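Visitor: I am new to this structure and would like a close look at a single part of it. Please take one residue and work outwards from there.

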Amino acid sequence: MPWWLRAAALIGAAVALLPLVYLVVRVAQYPLGDFADAVLSPRSARLAVTSLALTGLVTLLCVALGVGLAALVTRTRIPGRVALGVAAALPLAVPSYVAAFGWQSMNALLSPGTTFEGFAAAVVVITSVTYPYVYLPAVAALVAVDPAQEEAARALGRGPLSTFFTVTVRQAAPAITAGGLLCAVYVIADFGAVSILRVDTFTRAIFTSFSMGFDRLGGIALSSVLLLLTLCVLTVEGRLRRTGTRYASLSGSGGGRLLLLDLGRWRGAAVMLGWAPIVVALGVPLSALGIWSVQGVSRPGSLAEVMGALGNSLWAAGLAAAATTLIAVPLGLWLARRPSVLARGLERAAYLAHSLPGVVIGLSVVMLGITVLPALYQTMWLLTLAYCALMLPLSLGPVLSAALSAPPELEEAARALGRSPVQAYLRVTLPLMLPGIVSGALLVLLTVIKELPATLMLRPTGFDTLATRLWTYTGNESYAAAAPFAALLVLVAAVPAWMMISRLLKEVR
């Protein structure tokens, strides 16, 4: 592999990981006693209890909902099974802060003068948009279960329910566990919903430290605790993935016909139970958006304001997609051609930075801008840097997959025909990788449009996106003004959600 490609990969990865490294450096600069007092304060304890309770309860509810819906879709003969399978994944298109806005604004319509906020409200709202993270892998795992093992259990005298829980679910347990841990990481990192619903978690407290007088020590201390919580969850997920039990297929290919349970007289109740959480998760926020949007778009100047915010969102997301792709391509080629220890280390560090809450990365980049790069503070440069740190794995995954499918022998043939290494990569390898590069860039673009905390912290003065305008109007309880921005965000988020649902359609028959 050419030296210049490795150098480009190292420089790009270093830029993307700079916020994470700088956060660790700033933690080391504070006196140990002061830092320990901030970490072990009563406030930190209260935040830890609230954050862990919210994470644990939402994760349990998501596992119950996700596995239950997956079982109905893949293991029963209820009417409208495929439609239910598609609809159950649609809440992925609703960002958590948009769902919180929808529920809160619907409460303002139905019960003026009252508030919809607090811990219980956060549990309901976050669960309603997070359970698909368990549902989708559970569906994929249940479809892949070898029917021959279920038939063997039934032949030995076990009933349908006993077979499902002791044989089917056990084989799908690794996927279900991974989905549950993904939910846990999502809840730990959530900022928008808990802020709108006024629940004091680590993410909200860190943002408050930044916005109210900028308590640097407090913000760094809370960020370090949140970083440790995220690392703990990721460590547990990694251990479970490595030690998970593997099951052999008894039918060779494992492609037998799934055993579907006829629920008989319980069919109607099962249909109602299956559709109930979906109707609640989608019906409440979408109905509120529809009602308020009619009033919001009719305000003088509102359409121009919405289009301006959409343009800013696309501009920021386009810069982030271009910069992240520029970093991901050389790193992906390095990993595909020469997967050294250093390259693998950079890849793992990038995934760690991606798993961190946006508010932590945002705070780190803010401190970097104030203390090291003041000329770049509140410019698109630093905002794009934060996006690169958060989104690199989204681009790196498709790029690496494309690089692995591009035969290195074609590069060697091009060089044998007189092409230089640079020409061989540009004219042979990159065209073969183009579908993966475009896919990764599109995923980054769609995700950045929804990103809220880092954008709030780092956007240039007067630069408002769809997410930040929604945040501003929601804070003022201007629901009609906020609704068009929320509706556009849902439409944008529907694109990656539909990509996942289309894969689901191929497996649920």
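Guide: Leaving aside residues up to four places away in sequence, Ser 364 touches Pro 19, Leu 20, Tyr 22 and Leu 23. The model is a predicted one, and the values that follow are computed from it. Ser 364 is found in helix 16, which covers residues 358-371. Is Ser 364 buried or exposed? Its relative accessible area is 1%, and buried means under 20%, so Ser 364 counts as buried.

Ser 364 can also be placed against a residue further along the chain. Ala 386 comes 22 residues away in sequence, and the C-alpha atoms of Ser 364 and Ala 386 are separated by 8.8 Å. Ala 386 is one of the helix 17 residues that meet helix 16.

That leads to the pair of helices. From helix 16, the residues Gly 358, Ile 361, Val 365, Leu 368 and Gly 369 take part; from helix 17, Leu 382, Leu 385, Ala 386, Ala 389 and Leu 390 do. Sorted by class, this contact has eight nonpolar residues, two polar and no charged ones. The two axes come within 10 Å and cross at roughly 140°. Helix 16 and helix 17 are therefore oblique to each other. Their crossing is right-handed.

A general point about spacing helps in reading such a list. An α-helix has 3.6 residues a turn, so residues three or four places apart point the same way.

Helix 17, residues 380-405, also meets helix 14, residues 302-337. Here the axes come within 5 Å, with a crossing angle of roughly 45°. That angle makes helix 14 oblique to helix 17. The crossing of helix 14 and helix 17 is right-handed. Among the residues of this contact, 22 are nonpolar, five are polar and one is charged.

For a last stop, consider helix 6, residues 119-130. How many of its 12 residues are buried? Nine are, and helix 6 is mostly covered. The buried residues are Ala 121, Ala 122, Val 123, Val 125, Ile 126, Thr 127, Ser 128, Val 129 and Thr 130. The length of helix 6 can be checked as well: at 1.5 Å a residue, its 12 residues should span 16 Å, and its end C-alpha atoms are 16 Å apart, which agrees.

To return to the starting point, Ser 364 is a buried residue in helix 16, and helix 16 passes helix 17 in a right-handed crossing.

Methods:
Residues numbered from 1 in each chain as written. Predicted model: local features only at pLDDT ≥ 70, side-chain atom pairs only at ≥ 80, totals over all residues. Heavy atoms only, no water. Axes fitted to C-alpha atoms, helices over the stretch in contact; angles between N-to-C directions. Helix = DSSP H or I, 4+ residues; strand = E, 2+ residues; numbered from the N terminus. Parallel < 35°, antiparallel > 145°, perpendicular 65-115°, else oblique. Left-handed = near helix turned anticlockwise from the far one by under 90°. Nonpolar A, V, L, I, M, F, W, Y, C, P; charged D, E, K, R; others polar. Buried < 20%, exposed > 50% of the residue type's maximum accessible area, 1.4 Å probe, protein only. Contact = heavy atoms within 4.5 Å. Expected span 1.5 Å × (residues − 1).
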